Amino acid sequence: MSNESEIFQKLAQSIWDFDPDAAAAAAKEALAAGIAPARAVEEGFSPAIRELGDKFDRMEVFLPELVMAAGAMKAGVNVFEEAMKKAGGSLANKGVVVLGTVEGDIHDIGKTIVGAMLSSAGYKVVDLGVEISVPRFLEAADEAKADIIAASALLSTTMLRQKDLVEFLTSRGKKEKYIVIVGGAPVTQEWADKIGADAYARDAQQAIKVLDGLMATRRA
Amino acid sequence: MDLSLILKRSELGALTTGDEFLLKSVSMNTMRLAREAKLKFDPQILVNQDDEAADRLFQAGRQLLLETGLYCTSSRRVIRFSERELDERLKCLPGQVTVGQGKELHTVRHRGVEDSAFPTIFGGPFNCDTDEATFVKFNEAYAREPLIDILFFPGYLKELDGILIRPGSGLSTRAAILYGRYAREAVMRAGRPDMPIAGHAVMALNEIACSSEEWGLRSTDPRAMVLISELQVDDVTLTRLVYYKSIGAPIYMSFTPLIGGYGGGPEGTAITAVASVIASTLLGGDFVHIGPQHIKLRVQTNQHSLWLSSIVNQAIARNSQMIITTSHTTAGRPGSLQFALEFSALAIASVISGSNQSGPRPAEPLGNNQNSPLMCRLFAEVGRATTRIDRAKANEIVLALYQEYKDHLDLATSPRGKTFNELYDLNTLEPSEEHYATYQEARAKLLALGLPLD
Ligand code: B12
């Protein structure tokens, strides 16, 4: 089965090269060789992107590499998703996350890192961008059949929009439907508790851990 | 360069997306230019000693700006500059700008590397969260410090009438007006009614409402305009700029090069920083504030930020007449010795390299009014003493200071410090004995390291 390990190698290399076209091509090759998409992701893309995440933590690579690698992986994962859809199934992921920075706030770097790391950890991430209004979060979550709504706020004044988000979900009877996770420099666990958010994380690594836990209980 | 040209380009420039601009244009070009410029961060040399490296950095930054331009996130268009526009603007800079009025007229100057002229001190709360009840006294205590030339960012009112302020709301406009009134009131009470106030009411667009010759921020006061890192502007920033220019206010441009962000490591981010300083000047900035920020540590006193600040300031100082200042945000909070050691390290690294001084402030204040006028006095004293040493000595002192605090930069565990209300007697506006002792302890330490404080 040397062909298989060669394909895994190609999948990984496309991440190292930040090359979405190569990632898509390698994904097609994997499908043609009859490798199950979940395995291709787990054994091809994931180790490479995990290593890159660790390097980012040690400041050996930086934001552009992280974002580009996540972009390459997305291109590959899209190919698998298309194929699964055609076959009437869907590619397993850890959960669907709708992510954005709240209205009035344009800080996007922390949110982008969280998005990149969550997708490399196996979540399907819909990044809405910055200045996202409360109703837009819900609309996008309904549309994407999301499990998780993740809201970033970097200003002590825009943290209020996280509170609005929880209030709005509650008023629409959607609070139980979604896991709401909040973050950003001024946000704390106390704040998350106070506004009734389901989770808080200090950084991207912790976000993965916390969400993994919550998703496990949710799916159990 | 005329502002109308920039506004025109922000409407008619090439269309692109933010991702394309940041990844394809800024990151890719920066990576290439960093390789070509052969810059290398060395943990033993936090104060750059190599003039040629500084000059190569300047050229790389200039080149980056020519290749990428500025991105307007609102119109999604790229504002480009020609080589001729850039060079002509740099050639005719005055190298000095006057702010304030009457007895408080103050000239901010371009400084050179190892310059013997004192830096200008922009000192004040630096927009830490401030409550309404303390606002005037807090600023008055800063204005009473004679070494502070310009009252710097009087404080961030985040709550008014018991309600948290939503940016852009009517309440936030009311807060902006009060910001102007209270800041003027504070300098009047300190006996310096014409003291220049660098203003940044932080309420988005409506911060312009704090302007008034009679009771607020005057047209002789520097007004802040922030570039979005890296190399971006938006409608709000451009609108502020147009307004401040129209009233003739000196423009205090600021930006935050983010080490580990779209510029990559410290070397690449130094290039984006130089490009941003030049861009700020082309937009009409009279002085440019650099906040050498770090994506993981979120403070400006780590070794990468120290080096970046030093080499970027030298690149600008040696190759242009642009006037720069450096912001100082720390992990340790006011009231702790670490706060003083951290801002001293960055002040020495920056001032020796040609910078003026803005700050200092804790990067993550833990409550309202968490800053100290007495610490700002020390900050100014450190800047003055730095004009009497050379780069080799500066490096030695900065390394020694960095050793002392380097293991305590994590914001979650760094010294929690105290608030102005705890550090000062609010009736006399004098620091407590305990706080004064911390000031003296820091001075003794700096003197022992060979910094010639007055
Ligand atoms: C870079 C920066 C900017 C850039 C943003 C560029 C960009 N493209 O994002 C610019 C210059 C545009 C900017 C503008 C402003 N800024 Co600013 N900015 C910063 C700075 C220096 C760094 C932020 C950053 O990117 N950090 C790096 C990333 C990786 O960290 P992070 O965002 O915290 O994200 C991590 C965690 O928080 C977490 N996380 C983040 N989001 C989420 C979401 C979820 C769901 C989870 C689980 C976790 C999570 O994981 C991330 C990765 O580890 C901070 C200072 C600081 N110490 O944070 C100030 C800071 C946030 N800004 C501040 C201010 C005041 C402003 C302005 C109002 C200034 C002004 N007057 O114009 C404007 C606001 C404009 C607006 N409407 O939003 C203040 C906020 C003060 C306060 N307490 O409210 C800060 C704290 C600086 C300060 N101490 O004064 N800023």
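## Two chains, two sheets and a cobalt ligand

A:Leu99 stands opposite A:Asp127, which sits in strand 2 of chain A. Before we go on: this is a predicted model, where local features need pLDDT of at least 70 and side-chain atom pairs count only at pLDDT 80 or more, while totals for chains, interfaces and linings use all residues. Residues are numbered from 1 along each chain as its sequence is written, chains are lettered from A and ligands numbered from 1 in the order in which they are written, and side-chain values use heavy atoms, with hydrogens and water left out.

**Exercise 1.** Work out the strand order of the open sheet in chain A, and find its edges.

*Solution.*
- Start with the vocabulary: helices (H or I, at least four residues) and strands (E, at least two) are DSSP runs, numbered from the N terminus. Two strands pair if DSSP finds at least two bridges between them.
- Now read off the order: five strands line up as 2-1-3-4-5, with parallel pairing.
- Strand 2 (124-127) and strand 5 (199-200) of chain A are the edges, each pairing on one side only.
- Strand 1 and strand 2 of chain A run parallel and are joined by four bridges.
- Next comes a helix: helix 9 of chain A packs on the sheet and touches strand 3, strand 4 and strand 5 of chain A. Contact here means heavy atoms within 4.5 Å.
- The direction of helix 9 makes about 170° with that of strand 4 of chain A. Axes are lines fitted to C-alpha atoms, for helices over the stretch in contact, and angles run from 0 to 180 degrees between N-to-C directions.

**Exercise 2.** Do the same for the three-stranded sheet of chain B.

*Solution.*
- The order is 2-1-13, and this open sheet has mixed pairing.
- Its edge strands are strand 2 (77-79) and strand 13 (232-233) of chain B.
- Two bridges link strand 1 (residues 70-72) to strand 13 of chain B, and those two run parallel.
- For a landmark, look for B:Cys72 opposite B:Val233 in strand 13 of chain B.
- Helix 2 (residues 18-37) of chain B packs on this sheet, touching strand 1, strand 2 and strand 13, with its direction at about 165° to that of strand 1 of chain B.

**Exercise 3.** Where does the ligand lie, and which protein atom is a donor to its cobalt?

*Solution.*
- Look between chains A and B: that's where the ligand lies.
- Of the 40 residues around the ligand, those coming nearest include A:Ile106, A:Ser152 and B:His200. "Around" asks for a heavy atom within 4 Å.
- The cobalt has a single protein donor, NE2 of A:His107, 2.3 Å away. Donors are N, O and S atoms within 2.8 Å of the metal (3.2 Å for Na, K and Ca); water is not among the atoms, so sites may look incomplete.
- A:His107 belongs to the loop between strand 1 (96-101) and helix 5 of chain A.
- Helix 5 of chain A also gives the shell its largest share, four residues.
- Finish with a contact from chain B: a side-chain N or O atom of B:Arg361 is 2.9 Å from a nitrogen atom of the ligand.

**Exercise 4.** Locate the cis peptide bond that leads into B:Pro360.

*Solution.*
- For background, most peptide bonds are trans.
- The bond from B:Gly359 to B:Pro360 is cis, with omega near -10°.
- B:Pro360 has its place in strand 19 (residues 356-362) of chain B.

Notes
Polar contact = N/O pair within 3.5 Å; in protein donor to acceptor, adjacent residues only side chain to side chain.
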